[in-house]
Amino acid sequence: MDEQPEGYTQALGKRQVQMIAIGGAIGVGLFLGAGGKLNQAGPSLVFSYALCGTAAYFVMRALGELVMHRPTSGSFVAYAREFIGPWAGFASGWMYWVNWAMTGIAEITAVAIYVHRWLPDVPQWITAMVALGVLLVVNLVSVKLFGELEFWFSLVKVLAIVVFLVVGIGLVVTAADIGGTPAGVANLTDHGGMFPAGVGVPLMTLQAVIFAYSAIELVGIAAGETKEPRKVLPRAINSVVWRIAIFYVGSVLLLAMLLPWPFYSGGESPFVTVFSRLGIPAVGDIMNAVVLTAALSSCNSGLYSTGRVLRALADKGEAPAFAGRMNSRHVPYGGILFTSVIYVLGVVLNYIVPQEAFDIAIAIASLGVVATWATLIICQMRLRQAALRGDVERPAYR
């Protein structure tokens, strides 16, 4: 089978792929979703993130082995066809599309929520429509522009998390006063214990936490447009281990120690909540700008990945023929436009139920994430079985 679908250019360099891998999983699931879930589950949310992070690590190792076997922009759709059957490629491709279609709706909803802090009189749906228009243009111009924009988006996200972790640890160590309440380890247990809502609620939050990890597989799709994929991708995938441990579990643990969990809410980023309560002028606004960047980044990634997956489906007659069209700049514009139509429905959702739009979107998106992860694990198991039979050579990366 061809290593690369016809028509793509290898325009993504090592610098861009590394940052896409590191920043891919840092989106509104953490920057916005963690606030509402902390308010529901309390400090026990840390265990939810650790559990889902462990699952995500194994999924990434499986993806790494598959990518080393055959780098392709069709990613798990191509692997599902090869190792499970044509029906699996069809099902996993469309479930992934559902994931990103709903994720995109959640992201543009988050954009509208963040901008509302500065422009309270502007309706959410207008902000969402403007954001969608800008990102659509970026994706249709070239993959190189996408990669460059995503590099800087991801760099901002990573730097913001690092700054938060350093400042947060300092605040906890010094037991700093944050808006009238002292930061410290005691916040984990002083307000109803680690499990203030019982064990059931943290289990219910797993759905939203899975959504927070949902972009980790993006690096696999980028494989088909990466220079020297077998050299660049293993290092990018290996970085997921410390990324999960530090960025996700570490951030949520710090948030739970900085403020008592009832202080957080679903209507504001928990990072903005902490910095706003510090009383330092403009810090809350700076953090709001950072989380706005994260939401734009994830929406950008959604348009990129669904365009490639829909083209892989259309090539086999499993998606509308229009979704497989490519422009002169080697961009699968058909699939990108197809997805953007659903994002417009998300704008409509923001018009009808602005308060519920985010939760509705991530509830549906989570189903697509689980289906994608299961597909990758099953494909890796089939690859290993084929290698044991001598049908294929197993990659050195396992």
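## Helix 6

Helix 6 covers residues 86-116, and at 1.5 Å a residue its 31 residues should span 45 Å, which agrees with the 45 Å that separates its end C-alpha atoms. In this predicted model, 23 of the 31 residues of helix 6 are buried, so the helix is largely enclosed by the rest of the structure.

## The chain as a whole

The secondary structure of the chain comes to 17 helices and two strands. With a radius of gyration of 21 Å, close to the 21 Å that the globule rule gives for 398 residues, the chain is as compact as a globular protein of that length. The C-alpha trace spans about 65 × 50 × 35 Å along its principal axes.

Of the 398 residues, 59% count as buried, and the accessible surface of the chain comes to about 15100 Å², of which carbon and sulfur atoms hold 68%. Among the contacts between residues at least 6 apart in sequence, 81% join residues that are at least 24 apart. As for charge, the mean position of the 25 positive charges and that of the 22 negative charges are 7 Å apart.

## Helix 16 and its neighbours

Helix 16 runs over residues 333-352, and its 20 residues should span 28 Å at 1.5 Å a residue, with which the 29 Å between its end C-alpha atoms agrees. Its buried residues are Gly334, Gly335, Ile336, Thr339, Ser340, Ile342, Tyr343, Gly346, Val347 and Asn350. What these buried residues pack against is a group of four elements, namely helix 6, helix 7 (124-141), helix 15 and helix 17.

A general point about helices helps in reading such a list: an α-helix has 3.6 residues a turn, so residues three or four places apart point the same way.

## Helix 17 and isoleucine 360

Helix 17, residues 357-389, has 33 residues and reaches 49 Å from its first C-alpha to its last, which is close to the 48 Å expected at 1.5 Å a residue. Just after helix 17 comes glycine 390, which takes a positive phi of about 90 degrees.

Isoleucine 360 has its place in helix 17, where it is partly exposed, with a relative accessible area of 36%. Leaving aside neighbours within four places in sequence, isoleucine 360 is in contact with Leu349 and Val353. The C-alpha atom of isoleucine 360 is separated by 17 Å from that of tyrosine 213, a residue 147 places away along the chain.

## Serine 297 and glutamate 150

Serine 297 lies in helix 15, which covers residues 283-314, and at 0% relative accessibility serine 297 counts as buried. Not counting residues up to four places away in sequence, serine 297 touches Glu150, Phe153 and Lys157.

One of these contacts, glutamate 150, has its place in helix 8. Glutamate 150 is likewise buried, with a relative accessible area of 1%, and its C-alpha atom is separated by 9.9 Å from that of alanine 294, although the two residues are 144 apart along the chain.

## Two loop positions

Alanine 175 is found in the loop between helix 8 (143-173) and strand 1 (177-178). Phi of alanine 175 is near 50 degrees, a positive value in a residue other than glycine, whereas most residues other than glycine have a negative phi. At 44% relative accessibility, alanine 175 counts as partly exposed.

Glycine 279 is found in another loop, between helix 14 (270-277) and helix 15, and at 58% relative accessibility glycine 279 counts as exposed. The C-alpha atoms of glycine 279 and leucine 313 are separated by 52 Å, with their positions 34 residues apart along the chain.

## Histidine 69

Histidine 69 has its place in helix 4, which covers residues 45-69. With a relative accessible area of 16%, histidine 69 is buried, because buried means under 20% relative accessible area. The C-alpha atoms of histidine 69 and leucine 303, residues that are 234 apart along the chain, are separated by 26 Å.

Terms used
Residues are numbered from 1 along each chain as its sequence is written. This is a predicted model: local features need pLDDT of at least 70, side-chain atom pairs count only at pLDDT 80 or more; totals for chains, interfaces and linings use all residues. Side-chain values use heavy atoms; hydrogens and water are left out. The radius of gyration is taken over C-alpha atoms; the globule rule is 2.2 Å times the number of residues to the power 0.38. Buried means under 20% relative accessible area, exposed over 50%, partly exposed in between (1.4 Å probe, protein chains only). Contact means heavy atoms within 4.5 Å. Accessible areas come from the Shrake-Rupley method with a 1.4 Å probe; for residues, only the protein chains shown count as cover. Lys and Arg count as positive and Asp and Glu as negative; His and the chain ends are not counted. The place of a charge is taken as NZ of Lys, CZ of Arg, CG of Asp or CD of Glu. The expected span of a helix is 1.5 Å times one less than its number of residues.
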